[in-house]
Amino acid sequence: MEILKNANDVRKSLIDAITTRNVTLLSNLLLSIGICIFAFKFAFFEPGSVVLPNAPMTEVIEVRGDWANASFKRGHAIAFAELIGNISKSNINFVKERFMSAATPNLREQFQDEIDRQIAIISARKLQQRFTIDDVYFDEHQDVVWIWGSREITLPGQPHLIKTWTYEFRIGVASGMPKISYFKQYPGKPNTRQRVVPAADTIPELTEDMRADLEESGSEVKDVK
């Protein structure tokens, strides 16, 4: 009887061992499948993300790879306009650092000398500038954000100079961060009627579909200076 009991114990131990092995193999198989699915999605599907601009957020901000929605572009354009439009001797170097770090290499090369000249003027004359936004407009075909408002310039011992001022931005995205590929400023309200299609090698962010739509409406294709 003792021999039969030992045999039953051995058989039960073997059954338990086989069951445990089967459960382990199944768990490893399911884990491997899960890892493969995750790796496939990571390799072939670019995840989206939500980005908070430096301006008050009133709309959903979406970024996927090198694409960003209109809210992202408007929000960051507002932030940069407020940064550039409110300059004094005390913050000019901070403004320069923020603008240059967000600008594309081509834009940095265009504005480096001009910014350094403006820094010298502001520092020497103790100039202060304040910008109050009136409105914002984004044209998806030209991929340009216009921001205009009241620009007030103050010099010691002189009356304030106030005029309407416009900033133009083209905002791209790189690694979830805004990139300024085009910038222009001028007195008066936005010149949105002069629709210009930038050449492909000038503004690569403008898609072929956007260019085609603009050309069909009679716009002129030219390099953006």
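Here are a few worked exercises on the fold, the core and two loop residues of this predicted model.

Some ground rules before you start. Since this is a prediction, local features need pLDDT of at least 70 and side-chain atom pairs count only at pLDDT 80 or more, while totals for chains, interfaces and linings use all residues. Residues are numbered from 1 along each chain as its sequence is written, and side-chain values use heavy atoms, with hydrogens and water left out.

**Exercise 1. Work out how many helices and strands the protein has, and in what order they run.**

Step 1: count the elements. The protein has five helices and nine strands. Both are DSSP runs numbered from the N terminus: helices are H or I with at least four residues, strands are E with at least two.

Step 2: read along the chain. Starting at the N terminus, you get α-β-β-β-α-α-α-β-β-β-β-β-α-β.

**Exercise 2. Find the strand order of the open sheet that has four strands, then place helix α2 against it.**

Step 1: get the order. The sheet runs β4-β5-β6-β7, with antiparallel pairing. Strands pair here if DSSP finds at least two bridges between them.

Step 2: find the edges. β4 and β7 (177–187) are the edge strands, each pairing on one side only. From one strand to the next, the twist averages 25°.

Step 3: zoom in on one pair. β4 and β5 are joined by 11 bridges, and F131 has R151 in β5 as its bridge partner.

Step 4: add the helix. α2 (residues 70–85) lies across β4, β5, β6 (161–174) and β7, at about 135° to β6. That angle is on a scale from 0 to 180 degrees between N-to-C directions, with axes fitted to C-alpha atoms, for helices over the stretch in contact (heavy atoms within 4.5 Å).

**Exercise 3. Identify the best-connected members of the largest nonpolar core, and follow Y167 through its neighbours.**

Step 1: define the core. It is a set of buried Ala, Val, Leu, Ile, Met, Phe, Trp, Tyr and Cys residues joined through side-chain atoms within 4.5 Å. Buried means under 20% relative accessible area, exposed over 50%, partly exposed in between (1.4 Å probe, protein chains only).

Step 2: pick the hubs. Of the 35 residues, F99, Y167, F169, I180 and F183 touch the most other members. Helix α2 gives the largest share, six residues.

Step 3: look around Y167. Leaving aside neighbours within four places in sequence, its contacts include A81, I84, F131, W146 and F183. Y167 is buried, at 0% relative accessibility.

Step 4: check the rings. Phe, Tyr and Trp rings (the six-membered one for Trp) pair if their centres lie within 6.5 Å; planes under 30 degrees apart are stacked, over 60 edge-to-face, the rest tilted. There are nine aromatic pairs in the structure. Y167 and F183 make a stacked one, 6.2 Å centre to centre with 20° between the planes. The two sit 16 residues apart, in β6 and β7. F183 is buried too, at 8%.

**Exercise 4. Decide for K126 and D143, two residues with positive phi, whether each is buried or exposed.**

Step 1: recall the background. Most residues other than glycine have a negative phi.

Step 2: take K126. Its phi is about 55°, and K126 lies in the loop between α4 (105–125) and β4 (128–139). With a relative accessible area of 53%, K126 is exposed.

Step 3: take D143. Phi is near 55° for D143, which lies in the loop between β4 and β5 (144–154). At 4% relative accessibility, D143 is buried.
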